[in-house]
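Please find below a colleague's note on the aromatic side chains of this model. It is meant to be read with the structure open beside it.

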Amino acid sequence: MLVLLVGVIFGLAIGYFATQNTTPVTIQVAQYAFKEVPLYLVIVGSLFVGLFIAWILYFARSVSSTLAIHGRDHALKRARQTTADLELRVQELQAENVQLKTDHSYPFESPHRTLS
């Protein structure tokens with residue numbers, strides 16, 4: 001509803017502006033000449049061309065930001081996976097260490113050995 005209201009107000013402003021600026025002008029673009037174009041069309045056309053260029057630049061920046069965020073999310077996902085893999089490997093090594101300590105008793109060490 002707000003967009004519609006702003007659109008109507010903008011349209012009324014352009015209409016009022018157009019009635020005040022009907023003077024015909026000539027536009028020269030390179031070797032082409034557009035004769036007797038109303039001044040309000042030149043001004044409103046310039047406004048829309050500027051808005052279009054701004055939209056293109058905004059879109060390019062938005063795509064660039066999205067790609068950067070996607071790259072960081074991908075790197076974060078890889079880092080989390082690496083962390084999970086390393087934690088799993090640490091647990092496996094700890095279990096292997098405990099198993100090695102219980103499986104192998106050293107022949108020179110005896111808990112009941114006394115020195116005489």
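The points below take up the aromatic pairs, their setting and the surface around them.

1. The model is a predicted one, and the remarks that follow should be read with that in mind. A search of the whole structure finds two aromatic pairs.

2. In one pair, the ring centres of Phe-52 and Trp-55 are 6.1 Å apart and the planes meet at 25 degrees, so this pair is stacked. Phe-52 has its place in helix H2, which spans residues 39-103, and because Phe-52 and Trp-55 are three residues apart in that helix, about one helical turn separates them.

3. Trp-55 also pairs with Phe-59, and this pair too is stacked, with 5.7 Å from centre to centre and 20 degrees between the planes. Trp-55 and Phe-59 are four residues apart in helix H2, and therefore are likewise separated by about one helical turn.

4. Taken together, Phe-52, Trp-55 and Phe-59 form one aromatic cluster. As to solvent, Trp-55 is partly exposed, its relative accessible area being 48%, and Phe-59 is also partly exposed, with a relative accessible area of 48%; both values fall between the 20% below which a residue counts as buried and the 50% above which it counts as exposed.

5. Which residues make the nonpolar surface patch of about 1100 Å²? The patch includes the cluster members Phe-52, Trp-55 and Phe-59, and it is completed by Val-49, Ile-53, Ile-56, Leu-57, Tyr-58, Val-63 and Leu-67.

Terms used
Residues numbered from 1 in each chain as written. Predicted model: local features only at pLDDT ≥ 70, side-chain atom pairs only at ≥ 80, totals over all residues. Heavy atoms only, no water. Phe/Tyr/Trp six-rings, centres within 6.5 Å; stacked < 30°, edge-to-face > 60°. Helix = DSSP H or I, 4+ residues; strand = E, 2+ residues; numbered from the N terminus. Buried < 20%, exposed > 50% of the residue type's maximum accessible area, 1.4 Å probe, protein only. Patch = residues over 30% accessible without salt bridge, like charges linked within 9 Å, V, L, I, M, F, W, Y side chains within 5 Å. Areas by Shrake-Rupley, 256 points an atom, 1.4 Å probe, with all protein chains shown as cover. Salt bridge = Lys/Arg side-chain N within 4 Å of Asp/Glu carboxyl O.
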